[in-house]
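Colleague: Hey, got a minute to walk me through this one? I've never looked at it before.
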Amino acid sequence: MKQKWQFFLVLGGLFAGFNFFSCDLETPERISIKTSGTNYEFPLGSGSFLIRDKMSASELRKNFSENLSEGSEEIKVYDYNPTQRDDDVLQYLIKYPIKEVSLGLSADGTNDMNFSTKIEISNLNENIGQALKIEEKSYTIIETGIESVIPENKGIPFNITAPTFSGIKLSAGSFKISVNPEETVSEDFELNAKVILCDGSGNEIASSEERNIASGTGNSPLVLDLSGKILQPEMRFKLSGTMRGGTAGTVHSFKVSMQADSFKIQQVTGLTMAAEEIGDLDSNPETPDGCVSFESDFDFSGVNDYLISAEIESGKMNVFSTIPEGWSGITAGIENINVSQGEGFKVSENEFSDETLSAEESTKYLFNKTAVLENQTIKPSNVAGNVKVSGQVSVSFENATLVFDEATVNPEVEIGGSCKIDKIKSLKVNISALSEASDLTGEVDTGLNFSNLLKDNLGDASDLIKNIKFSGVEGYVFAIQPGIEVFNGVKYSNCKLEAVYETDGISKTSVLVNVNGNGNGGLSLKETKIDLDALADENYMITDKSILSPENYSVKTEDSAVCNLLNDMPDSLKIKYELSGFSNATNELELTGEDFEKLTELKSVQIFILLKVPLQFTLTDKFDYPVAESVNDGYIKISDVKKLVESINSDGEEEENEKNEDLLKRDSQEDFEDVKKYLDLVESVSIFYKTKNSITKNSTELEIRGTMDDLLTGIHKDLTIDSTPDYPDEYKEIEITDREDLKKIFNTYPFNPIFQVSIQADGELKEIPRNAEFGITGYVRICLNGEVEIWSKNKENE
């Protein structure tokens, strides 16, 4: 600043010096210059902005996003310009999702249903043991008359003739062995013996207890424990022990017979048995030998609540049983199979055929049967919904290997099935059961703080924010059906939407929508196919007029409800919703197969609110900021216009030197001290400014007053604010000539007065057009008058 002031003075001095040295005169005592008529001017700067640029849809989206709490749904803002005229009111569409209500009806319910059950072959283990047929043999004993040892031998061979097998390993069980003489033995003859069981080669396997069996075992057979032993079809047995008494040389033949008792088979190999040989397997007198009965359900619980009936165009049912692990050589079949669902679903036995399987796959199944489903009708409501499957499984063995769980003994065979419906011909559903009860009530946290949101766009202008009352804001509730014609006429019988929020720390509730079927028709589903994102251009502008036509939205919000809500400046805004179930004229919904297929992709109803927010409002003077300075004078005060314009134009970061910028462009305290010595030269300080203002559609009706105030100097000046769309030709002037005021200005650093604006709060509707613009420009002029010494002979000699 020092250099700027001296520039004018030195320029005058050079001019005077040039004239002086061009003349043949004596050297003067001093040289000074007169500054009369010298003006020093410098710009204050200028700034202007279009409202639509500072409040563009993209900027509002950004501000919404920054003010949302974590986890809140995205709020979408669009620039709505249906007339495509720049002089029309600037307005927005704001979309907020309320709820995505899932439909219970979907292809998942009938597309792939399954059942699985396990049947216990309760008597198989026991029946195999009971089916053993063991050859009866004779054993020759010769009385010796003296005590002697029974002669050693390899044993008598015998066969287990049925069933055919290779080996049986027992976890428990025994042979009961009867040994009885065919004729009477000598009265004093004793035969103290035990029975030893050997394999076919004569190797000992097990033995019974030893006792006197000379007169036979009678009703107390010898017991031979076979736990952990392996039986073979060809085996041997022998007697071991001592004998005494009797008549030497007397020959006796003892008949030996064996019977399986309490067999628990661990494994059997090479087993061959027909069904009739296997015998009763489930203790059901109506079940043939070698068969096990079963009954199970195809679970229709996924559709029971809503399905009345469905006609199948194509599909198939599969019933199968897998071979238990470790088993082989089993032949199984399914007999008397019956599939039914009361009056609906029926599949008879002759409709089942063997599933086509590869050689490898076929080894995995006992049986695998398939029936083609065509023109079958599902009616779950008749018999609690589930399809009953029953039948009998027959088994036979050929060179089979069976492994039994030692813990359960009785093996379990799993029987399963699947019902796959590829295509539905028609469908009838109970419409009231289509929506889940848990989806019908709840609360959505918008995460919005509206007072912060307005501050982001209007800066720190609390007085203006608190006194704006929006007008003409409308809310539209969209309940979008899945895009299927039969849903036309479907509605939520009742719908209530409430805004729950706080304002100035006070909890409030505001009803936005309250409709019911008995009165104004409920919340109808609409087949709206409007995609707002698709309609918007790269600047999020939408020009389509049909968006808010009645055929698209379901219901409008209550009159003035949204306006009142916005004017409350809600914080912590939540939307509470209460919905009833679906209804229509018949409470039924009849769908074609094509409709049903669409529902496999479209499974929900989308509910959202679309706000149309025109920038039109009234101004009131119910609040002055700060409260302590409330004057209720009919004007709204913007305490610092310069700061407001800077905050709107800036990116939110203000440099410290901008806050303390000196109006006289003095750069520092040192500069300030240097300039003070030229104060006597200053005749006046003038601030020239002009404004352009087309913020409202008819700005001439908007009375605006302005002042310039500086707290440090106490200087106060009134301003005139132009309300013209362009800058006027002439500048307005604030002139300061009072010496005391000038002295205050030059003795104050920084001199940074506040420019205040008061807008008349006349209660009249104000509309901000799309081309609304505000701008201000200005400069400072310092007029100089006086004489300043630039050279002195006396000072030079000093």
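**Rings and cores**

Modeller: Sure, start with Y779: it is buried, with a relative accessible area of 17%, where buried means under 20%, exposed over 50% and partly exposed in between (1.4 Å probe, protein chains only). Mind that this is a predicted model, where local features need pLDDT of at least 70, side-chain atom pairs count only at pLDDT 80 or more, and totals for chains, interfaces and linings use all residues. Residues are numbered from 1 along each chain as its sequence is written, and side-chain values use heavy atoms, with hydrogens and water left out.

Colleague: Which residue forms an aromatic pair with Y779?

Modeller: Y731 does, edge-to-face, at 5.2 Å centre to centre and 80 degrees between the planes. Rings of Phe, Tyr and Trp (its six-membered ring) pair if their centres lie within 6.5 Å; planes under 30 degrees apart are stacked, over 60 edge-to-face, the rest tilted.

Colleague: And is Y731 buried or partly exposed?

Modeller: Y731 is partly exposed, at 32% relative accessible area.

Colleague: What sits over the ring of Y731?

Modeller: The charged end of K690, 4.3 Å from the ring's centre. That label needs NZ of Lys or CZ of Arg within 6 Å of the ring centre and within 35 degrees of the ring normal.

Colleague: New topic: how many residues are in the largest nonpolar core?

Modeller: It has 156, and L124, F175 and Y492 are among those with the most contacts inside it. A nonpolar core joins buried Ala, Val, Leu, Ile, Met, Phe, Trp, Tyr and Cys residues through side-chain atoms within 4.5 Å.

Colleague: What other core lies apart from it?

Modeller: One of 23 residues, including L679 and I736.
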